[in-house]
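Here is a short report on one protein chain. It starts from its sulfur chemistry and works outward to the packing.

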Amino acid sequence: KYPNKTLVINGLSIQTCGDLDKFSTLLDTGSSECRGLQSIGTYCGCEKRKFNFTICPDGSPLPDPYKPIAWMQEFSDVPDSYKSLVDSMTCGLFEASLQNLDEALSSVPQKMME
């Protein structure tokens, strides 16, 4: 939906959502790499799930979606297939990945942000 939207993932030659879409065709459907990229699909305009989580408690847009989330790099047990994504995590990508969570997990991200 937004092929020209800026998207940088460390370790991959991806600069836009369009690049991500092209790269995704190289992955095996159902693989952990594919699921990892699908988890940020709403960032590039994919449909959101029924549960629409936002980082801002009032539902307003993020003031700086490109702000890096450095604390995520501290996780040592991240699978190799997700490391590039975690190392490149921004507020906008994080919010997009949260929009793919099940409603039962909705309180977990809020607690992480406190």
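## The disulfide

The link of Cys17 and Cys44 is left-handed, with -80° about the S-S bond. The pair ties together distant parts of the chain, 27 residues apart. Cys17 lies in helix H1 (residues 17-24), and Cys44 lies in the loop between H2 and H3. The S to S distance is 2.1 Å. The structure holds one disulfide. The model is predicted, and every value here is computed from it.

Are the two partners buried or exposed? Cys17 has a relative accessible area of 6%, so it is buried. Cys44 is at 9% relative accessibility and also counts as buried, because the cut-off is under 20%.

## Around Cys44

The loop that holds Cys44 runs between helix H2 (32-38) and helix H3 (80-87). Which residues does Cys44 touch, beyond those up to four places away in sequence? They are Lys1, Tyr2, Leu7, Cys17 and Leu20. Cys17 is thus both a contact and the disulfide partner.

Tyr2 deserves a separate note. Cys44 and Tyr2 are 42 residues apart in sequence. In space, their C-alpha atoms are 5.4 Å apart.

## Other cysteines

Why is Cys46 not bonded to Cys44? The closest cysteine sulfur to that of Cys46 is in Cys44, and it is 6.8 Å away, too far for a bond. A disulfide needs the two sulfur atoms within 2.5 Å. Cys46 is at 48% relative accessibility, so it counts as partly exposed.

Cys34 has a relative accessible area of 11%. Cys34 is therefore buried.

## Helix H1

Which residues of H1 are buried? They are Cys17, Gly18 and Leu20. Seen down the axis of H1, these buried residues fall within an arc of 160°, so they line one face of the helix. A general point about helices helps here. An α-helix has 3.6 residues a turn, so residues three or four places apart point the same way.

The cover over the buried residues of H1 includes H2. Two of the buried H1 residues also meet the loop after H2: Cys17 and Leu20 are both among the contacts of Cys44.

## The nonpolar core

The largest nonpolar core has 26 residues. Which members touch the most other members? They are Leu7, Ile9, Leu20, Ile40, Tyr43, Met89 and Phe94. H1, H2, H3 and H4 each supply at least two residues of this core. H4 gives the most, with five residues.

Met89 has contacts of its own to list. Leaving out residues up to four places away in sequence, Met89 touches Lys67, Pro68, Ile69, Met72 and Phe94. Leu7 and Leu20, two of the well-connected core members, also touch Cys44.

## Ser88 and the H3–H4 loop

Ser88 sits in the loop between H3 and helix H4 (91-98). Its relative accessible area is 8%, so Ser88 is buried. Apart from neighbours within four places in sequence, Ser88 is in contact with Val8, Ile9, Asn10 and Leu93. Of these contacts, Ile9 is also listed among the core residues that touch the most other members.

## Rings and charge

How many aromatic pairs are there? The count comes to zero. A charge does meet a ring, however. The charged end of Lys5 sits over the ring of Tyr43, 4.0 Å from its centre. Tyr43 also belongs to the largest nonpolar core.

How values were computed:
Residues numbered from 1 in each chain as written. Predicted model: local features only at pLDDT ≥ 70, side-chain atom pairs only at ≥ 80, totals over all residues. Heavy atoms only, no water. Helix = DSSP H or I, 4+ residues; strand = E, 2+ residues; numbered from the N terminus. Buried < 20%, exposed > 50% of the residue type's maximum accessible area, 1.4 Å probe, protein only. Contact = heavy atoms within 4.5 Å. Arc of directions from axis to C-beta. Phe/Tyr/Trp six-rings, centres within 6.5 Å; stacked < 30°, edge-to-face > 60°. Lys NZ or Arg CZ within 6 Å of the ring centre and 35° of its normal. Core = buried A, V, L, I, M, F, W, Y, C linked by side-chain atoms within 4.5 Å.
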